[in-house]
Amino acid sequence: QFSEALSNLVRPYIHDSDGSSSSSHQSLKTTAKWATSLESLLEDPEGVKRFREFLKKEFSEENVLFWLACEDFKKLQDKKQMQEKAKEIYVTFLSNKASSQVNVEGQSRLNEKILEEPHPLMFQKLQDQIFNLMKYDSYSRFLKSDLFLKYKRTEEEEEDEPDAQTAAKRASRIYNT
């Protein structure tokens with residue numbers, strides 16, 4: 001039941017390897033965009049996927065999942081949907097018994113009563129805390145990680161392939177004359 005609730009929270013952001021929505025053949029270097037800022041990384045579904053892989057290894061995937069769930073929550077208009085989503089977010093990430101509890105300042109934890117009258121920015125303060133935690137902690141480690149560097153190398157190799165063939169042809173013409 002927990003995994004179902006969690007997948008409902010973050011479904012719009014999950015792009016597993018078999019259902020990836022982005023291609024590695026993009027005009028602007030993907031990894032270069034990711035390295036500009038955490039915001040740029042989080043705007044790219046492939047970036048989110050790679051960052052989640054990294055955070056999973058660091059046992060802190062709940063941070064990005066919480067941030068994504070809050071982004072999704074802010075877009076809701078219907079009060080009943082907001083109440084349901086707010087309760088899911090609370091139960092999954094914020095309550096003392098949360099299965100994927102995020103590390104936010106204790107005094108800023110929400111009281112369950114506030115869930116009755118949800119508003120789009122009710123999680124904003126907590127979301128900002130988690131964003132800053134990711135930005136100043138795990139994001140910088142992600143950019144130095146083997147996972148990111150391997151993806152970057154693969155991207156550069158794919159980009160360099162046509163040039164390498166051209167250079168090889170030039171070399172063969174030079175040495176064959």
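A helix here is a DSSP run of H or I at least four residues long, numbered from the N terminus. With that in hand, let's walk through this predicted model, starting with L133, which sits in helix α7.

How exposed is L133? Its relative accessible area is 31%, and since anything between 20% and 50% counts as partly exposed, L133 is partly exposed. Setting aside neighbours within four places in sequence, L133 touches N63 and S138. There's also V104 to look at: 29 residues separate V104 from L133 in sequence, while their C-alpha atoms lie 9.3 Å apart.

The N63 contact takes us over to helix α5, since N63 is among the α5 residues that meet α7. Two packed helices are described by the angle between their axes and the distance between the axes. For α5 (residues 61–74) and α7 (residues 124–144), the angle is about 140 degrees and the axes are 9 Å apart. That angle makes α5 oblique to α7, because the roughly antiparallel label is kept for angles over 145 degrees. As for handedness, α5 passes α7 in a left-handed crossing.

So who's doing the packing? From α5 come N63, V64, F66, W67, C70, E71 and K74, and they meet Q124, L126, Q127, I130, F131, L133 and M134 in α7. Sorted by character, the residues of this contact are nine nonpolar, three polar and two charged.

One last stop is F59, in the loop between α4 (45–57) and α5. Its phi is near 60 degrees, a positive value in a residue other than glycine. Is F59 buried or exposed? With a relative accessible area of 72%, F59 is exposed, because the cut-off for that label is over 50%.

Note on methods
Residues are numbered from 1 along each chain as its sequence is written. This is a predicted model: local features need pLDDT of at least 70, side-chain atom pairs count only at pLDDT 80 or more; totals for chains, interfaces and linings use all residues. Side-chain values use heavy atoms; hydrogens and water are left out. Axes are lines fitted to C-alpha atoms, for helices over the stretch in contact, and angles run from 0 to 180 degrees between N-to-C directions. Helices (H or I, at least four residues) and strands (E, at least two) are DSSP runs, numbered from the N terminus. Angles under 35 degrees count as roughly parallel, over 145 as roughly antiparallel, 65 to 115 as roughly perpendicular and the rest as oblique. A crossing is left-handed if the near helix is turned anticlockwise from the far one by less than a right angle, and right-handed if clockwise. Contact means heavy atoms within 4.5 Å. Ala, Val, Leu, Ile, Met, Phe, Trp, Tyr, Cys and Pro count as nonpolar, Asp, Glu, Lys and Arg as charged, and the others, Gly among them, as polar. Buried means under 20% relative accessible area, exposed over 50%, partly exposed in between (1.4 Å probe, protein chains only).
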